[in-house]
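Got your viewer open? Good. Get ready to select a few things as we go, and keep the sequence panel in sight.

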Amino acid sequence: MVRRIESGPVATEFLLPDIGDGLTEAEVVRWLVGEGYRVARDEPLVEVETDKAVVVIPSPVEGTVLRHGAATGETMAVGAVLAVIGSPEEARSVASGSSEARDGSDARETAPAKELSSHQPTASVRALPVVRRLARQHRVDLSTVQGSGPGGRITREDVLAAAGAPGRAGDPTPETMSAKGEVHRRPLSRLQKTIAANMSRSWSEIPHVTTFDQVDVTRLIAARRSLVQSHGSEVSFDALVIGAVIPALGRFPEFNSTLEGDCLLVHSGRHIGVAINAADGLLVGVLRDADEMSILQIAEGIRGLSDRGRSRNLGVEELTGQTFTVTNFGALGGGFGTPIIPPGNTAILGVGRVADAPVAEDGKVVVRPMMPLSLSFDHRVIDGALSRRFTDSVIANLCDPTLFLP
């Protein structure tokens, strides 16, 4: 991550770190400290867009930013020089004399260092790379666009409005004609390409089996209402489902594991992945050590993950390392589904929309609020009997929340 330049005055080459599972590159969104300006250790230095999020990278050392490794909008490989940081007097010597220390690469010209207390970012336009690409497609000058997003960030809708273009955000112009009419070529976003790759990998490598159940959540609804009234804070069904799942993961550790070659890695921590419906596709935010949280903390954690996920501001630790995943079809009005297991997991639980349904009870037909459950599991690790015992444990908790609520 950090490399010293040994030729001449000592400066630090800060290399683009691997800030996500399998990350190979990232795109520079915005420099927060301009060339020639002072930066403190651990102070935010640059925003980059990875496959899943926009991440703020802090400076590893204190000093003057002598050179940026890439301009705004450029894509960098992991391990490339992100920035050179040193003392003010090193500015010219680093620019002219450190090429040999960088494996023979040409040194870039850099402006003399400026001892200022304030920063001068290199780009004033606030827009994600996907929005910048859309602007280029429509030949829109972003410096003339007023952003309507958070903090004045320019959105897709802002670009389309400036271009006078109809249709959805991201719709390109017609390119060709076919027997079916006009054909539009719409490049996938970085996030969409990552989702596609992960789904293809999971579906091709993991033998999926999905089982379906319904659970009477009469008492769960009552418990949820009581929690809201007692604490004045919203408690989602997602939080309650996670609360019901956590004890089952302790009883059946195969569901909280990773298959690695011929070994099953059984995780002691229960880090629950929560599916988030973001603008460009599905993200999985990670609720770390959920087994150490109360239901109210789980609910608050889910809200925070959802908010940061939709604004693409999740940290790396919130995007990686889940040991079991829950996805809520019901939030979008769905019932049953066949969820795909994320790489590194052995199972995923899909939750459908709660709806009244007729059920048989003591020989009579009664109406009860029923929650659909869809459990997909890796058949290399989990067989039908084990999946049944796990599901029965989760259902028992959902039917009687006193089993997992304090």
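Let's begin with one residue: is His271 buried or exposed? Select His271 and show the surface around it: its relative accessibility is 13%, so it counts as buried, since anything under 20% does. Keep in mind that this is a predicted model.

**Stop 1: around His271**

His271 sits in the loop between strand E14 (263-266) and E15. Now show what His271 touches, skipping residues up to four places away in sequence: you should get Val286, Leu287, Arg288, Asp289, Gly321, Gln322, Thr323 and Phe324. Zoom in on Asp289, whose backbone nitrogen is 2.9 Å from the side chain of His271.

**Stop 2: a pair of strands**

Next, select strand E15 (residues 272-278) together with E16. The two run antiparallel and are joined by 7 bridges. To see one spot along the pair, pick Ile276, which stands opposite Leu283 in E16. Then colour strand E16 (residues 281-287) by burial: 5 of its 7 residues are buried, which leaves the strand mostly covered.

**Stop 3: a four-stranded sheet**

Strands of a sheet pair through backbone hydrogen bonds, and the pairing can be parallel or antiparallel. Select E6, E5, E3 and E8: in that order, these 4 strands make an open sheet with antiparallel pairing. Which strands stand at the edges? They are E6 (54-58) and E8 (75-77); each has a single partner strand, so one side of each has no neighbour in the sheet. Turn the sheet and look for its twist, which averages 40 degrees from one strand to the next.

Now hide everything but E3 and E8. Strand E3 (residues 25-31) is held to E8 by 3 bridges. Click on Glu27, and then on its bridge partner in E8, Thr75.

**Stop 4: another histidine**

Go to strand E7 (residues 63-68), where you'll find His68. His68 is buried, with a relative accessible area of 6%. Its side chain reaches the backbone oxygen of Val33, at 2.9 Å.

**Stop 5: helix H5**

Select helix H5 (residues 218-231) and check its length: at 1.5 Å a residue, its 14 residues should span 20 Å, and the end C-alpha atoms are indeed 20 Å apart. Show the side chains of Leu220, Ala223 and Leu227, which are buried. They cover an arc of only 60 degrees around the axis, so they lie on the same side of H5. Here's a handy rule: an α-helix has 3.6 residues a turn, so residues three or four places apart point the same way.

What covers the buried residues of H5? Among the elements to switch on are helix H6 (237-251), helix H7 (295-310), strand E20 (364-378) and helix H8 (384-399). Before you leave, click on Gly232, which follows H5 and has a positive phi, near 65 degrees.

**Stop 6: helix H6**

Stay with H6 and show its ends. Its 15 residues reach 22 Å from first C-alpha to last, close to the 21 Å expected at 1.5 Å a residue. Of those residues, 12 are buried, so H6 is largely enclosed by the rest of the structure. The buried ones include Phe237, Asp238, Ile242 and Leu249.

**Last stop: the whole chain**

Zoom out and colour by secondary structure: the chain has 8 helices and 20 strands. Buried residues make up 47% of its 406 residues. Of the contacts with a separation of 6 or more, 61% are between residues 24 or more positions apart.

Conventions. Residues numbered from 1 in each chain as written. Predicted model: local features only at pLDDT ≥ 70, side-chain atom pairs only at ≥ 80, totals over all residues. Heavy atoms only, no water. Pairing = 2+ DSSP bridges. Axes fitted to C-alpha atoms, helices over the stretch in contact; angles between N-to-C directions. Buried < 20%, exposed > 50% of the residue type's maximum accessible area, 1.4 Å probe, protein only. Polar contact = N/O pair within 3.5 Å; in protein donor to acceptor, adjacent residues only side chain to side chain. Expected span 1.5 Å × (residues − 1). Arc of directions from axis to C-beta. Contact = heavy atoms within 4.5 Å.
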